[in-house]
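Let's take a walk through this one together, from how exposure is defined to the overall layout. Have the coordinates open as you read.

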Amino acid sequence: MSRNAKIAAGGVAVGIILLIWLPWWAALLIVLGAPTAAYLMLDSSQRRRLRRVTRKEIGH
């Protein structure tokens with residue numbers, strides 16, 4: 001299993017656990033808010049590098 005697949009599987013497991021224990025809107029807020037907060041904490045050069053790598057992976 002690749003590293004990205006392990007991360008995705010972990011994210012799905014955490015999402016399911018959150019949906020069981022929290023109301024759906026709170027779980028959605030956490031699932032969407034955590035990556036957004038992490039992205040906003042990057043400085044501008046790190047954001048540029050992340051966008052460049054993401055574009056290169058999808059074939060642009």
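A residue counts as buried under 20% relative accessible area, exposed over 50%, and partly exposed in between, with a 1.4 Å probe and protein chains only. By that yardstick Ile-20 is exposed, with a relative accessible area of 63%.

Before going on, some ground rules: this is a predicted model, where local features need pLDDT of at least 70, side-chain atom pairs count only at pLDDT 80 or more, and totals for chains, interfaces and linings use all residues. Residues are numbered from 1 along each chain as its sequence is written, and side-chain values use heavy atoms, leaving out hydrogens and water.

On confidence, pLDDT is the predictor's score for each residue, from 0 to 100. The chain averages 84, and 93% of the residues score at least 70.

What is the chain built from? It has three helices and zero strands, both read as DSSP runs numbered from the N terminus (helices H or I, at least four residues; strands E, at least two). The radius of gyration is 14 Å, well over the 10 Å that the globule rule gives for 60 residues, so the chain is more spread out than a compact globule. That radius is taken over C-alpha atoms, and the rule is 2.2 Å times the number of residues to the power 0.38. Along the principal axes, the C-alpha atoms fill a box of roughly 40 × 30 × 15 Å.

Burial fits into the tour here: 7% of the 60 residues count as buried. Back to Ile-20, which lies in helix H1.
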